[in-house]
Amino acid sequence: MKSIKFTLVTLGSIGILFLGACNNSEPAAKTETVAKTDHTKPSKGGQVVEVGKYHLEFVTEPENKGTHLDFYLLSGDKHEIIPNAKVTAQVKTPKGEQKTLNFTYDQEGKHYAADLPESAAGEYQVVVLSDINGEKVNGRFSFNR
C-alpha cells in the first residue's frame, strides 16, 4: 500500500514538472503588423464589391426625373482606374420591370455614369456587367428611392 501511494505521488510530481516545463514564461517574439488598406470600404461613398483584383463601387444620386448612377471600376491594390471597359447595368425596378442601361466613361470624373429615368419609390436591384478587354467582371447592388 505504501509503494502504491509512493508511486502515485512520484507520478503526480513528475506530471506537475512536465506541466511546468510546458509553460513558457518567456515573452513571445514580437511580430510586426503592416497596415493594409481595407479595400472593402467605399472611397466615393457608395456600395463596394471586391471581385478578384477588381474594386467595384456603385454610387446613386436621386434627381428630379430619376436617379444618376456612378460606377467606379478600379484594379489592383493601388486602385488604378480602368477607363476602357464596356459597362452596362440591368436594373429591376420596384414595379418588377427590367431596364438595361449603357454607362459612358466620364473622363473628368474618372468613372462610368448613366441616368435611370425612373422615380418610383422602393428598392431597385442592379447588376453591373463590365467587360474589361474580354474579361467579365460583374457586381450586384441595390438602392432605395
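Me: Is aspartate 131 buried, partly exposed or exposed, and at what relative accessibility?
Reply: This is a predicted model, so the value is computed from its atoms. Buried means under 20% relative accessible area, and exposed means over 50%. Aspartate 131 comes to 21%, so the residue counts as partly exposed.

Me: Which side chain meets aspartate 131 in a salt bridge, and what is the N to O distance?
Reply: The cut-off for a salt bridge is 4 Å between a Lys or Arg nitrogen and an Asp or Glu oxygen. Aspartate 131 meets that limit with lysine 136, at 2.9 Å, N to O.

Me: Is lysine 136 buried or exposed?
Reply: Exposed requires over 50% relative accessible area. Lysine 136 has 58% relative accessibility. The residue therefore counts as exposed.

Me: How many salt bridges does a search of the whole structure find?
Reply: One joins lysine 136 and aspartate 131. Another joins lysine 99 and glutamate 118. Glutamate 118 also forms one with lysine 95. The search of the whole structure finds three.

Me: What is the distance between the closest N and O atoms of glutamate 118 and lysine 95?
Reply: The salt-bridge limit is 4 Å. Glutamate 118 and lysine 95 form a salt bridge, and their closest N and O atoms are 4.0 Å apart.

Me: Why does the pair of glutamate 118 and lysine 95 tie together separate parts of the sequence, and how many residues apart are they?
Reply: Glutamate 118 sits in the loop between strand E8 (111-116) and strand E9 (123-132). Lysine 95 sits in the loop between E5 and E6. The pair therefore ties together parts that are apart in sequence by 23 residues.

Me: Which lysine forms a salt bridge with glutamate 118 at 3.4 Å?
Reply: The partner lies in strand E6, while glutamate 118 lies in the loop between E8 and E9. The two are 19 residues apart, and the pair links distant parts of the chain. With the closest N and O atoms 3.4 Å apart, the partner is lysine 99.

Me: Which residues are linked in a network of salt bridges?
Reply: Glutamate 118 forms a salt bridge with lysine 95. Glutamate 118 also forms one with lysine 99. The network links Lys95, Lys99 and Glu118.

Me: Is glutamate 118 buried or exposed?
Reply: Lysine 95 is exposed, with a relative accessible area of 59%. Lysine 99 counts as partly exposed at 25%. Glutamate 118 has 8% relative accessibility, and the cut-off for buried is under 20%. Glutamate 118 therefore counts as buried.

Me: In what order do the four strands of the open sheet run?
Reply: The pairing in this sheet is antiparallel. Strand E6 (98-102) and strand E10 (135-144) are the edge strands, and each pairs on one side only. Neighbouring strands are turned by 20° against each other on average, direction ignored. The order is E6-E5-E9-E10.

Me: Over how many bridges do E5 and E6 pair?
Reply: Strand E5 covers residues 86-92. One bridge partner in E6 is glutamine 98, which pairs with lysine 92. E5 and E6 pair in the antiparallel sense, and the count of bridges is five.

Me: Which glycine in the turn between E5 and E6 has a positive phi?
Reply: E5 and E6 form a hairpin with five residues between them. The positive phi is about 90°, and the residue is glycine 96.

Me: What class of aromatic pair do phenylalanine 58 and phenylalanine 143 form?
Reply: Phenylalanine 58 is buried, with a relative accessible area of 1%. Phenylalanine 143 is buried too, at 7%. Their rings lie 6.3 Å centre to centre, with 45° between the planes. The pair is tilted.

Me: Why is the pair of phenylalanine 71 and phenylalanine 141 edge-to-face, and what is the angle between their planes?
Reply: Both residues are buried. Their ring centres are 6.4 Å apart. Planes over 60 degrees apart count as edge-to-face. The pair is edge-to-face because the planes are at 75°.

Me: Which residues do ring pairs link into a cluster?
Reply: The structure holds six aromatic pairs. One of them joins phenylalanine 58 and phenylalanine 143. The cluster is Phe58, Phe71, Phe103, Tyr124, Phe141 and Phe143.

Note on methods. Residues numbered from 1 in each chain as written. Predicted model: local features only at pLDDT ≥ 70, side-chain atom pairs only at ≥ 80, totals over all residues. Heavy atoms only, no water. Pairing = 2+ DSSP bridges. Axes fitted to C-alpha atoms, helices over the stretch in contact; angles between N-to-C directions. Buried < 20%, exposed > 50% of the residue type's maximum accessible area, 1.4 Å probe, protein only. Phe/Tyr/Trp six-rings, centres within 6.5 Å; stacked < 30°, edge-to-face > 60°.
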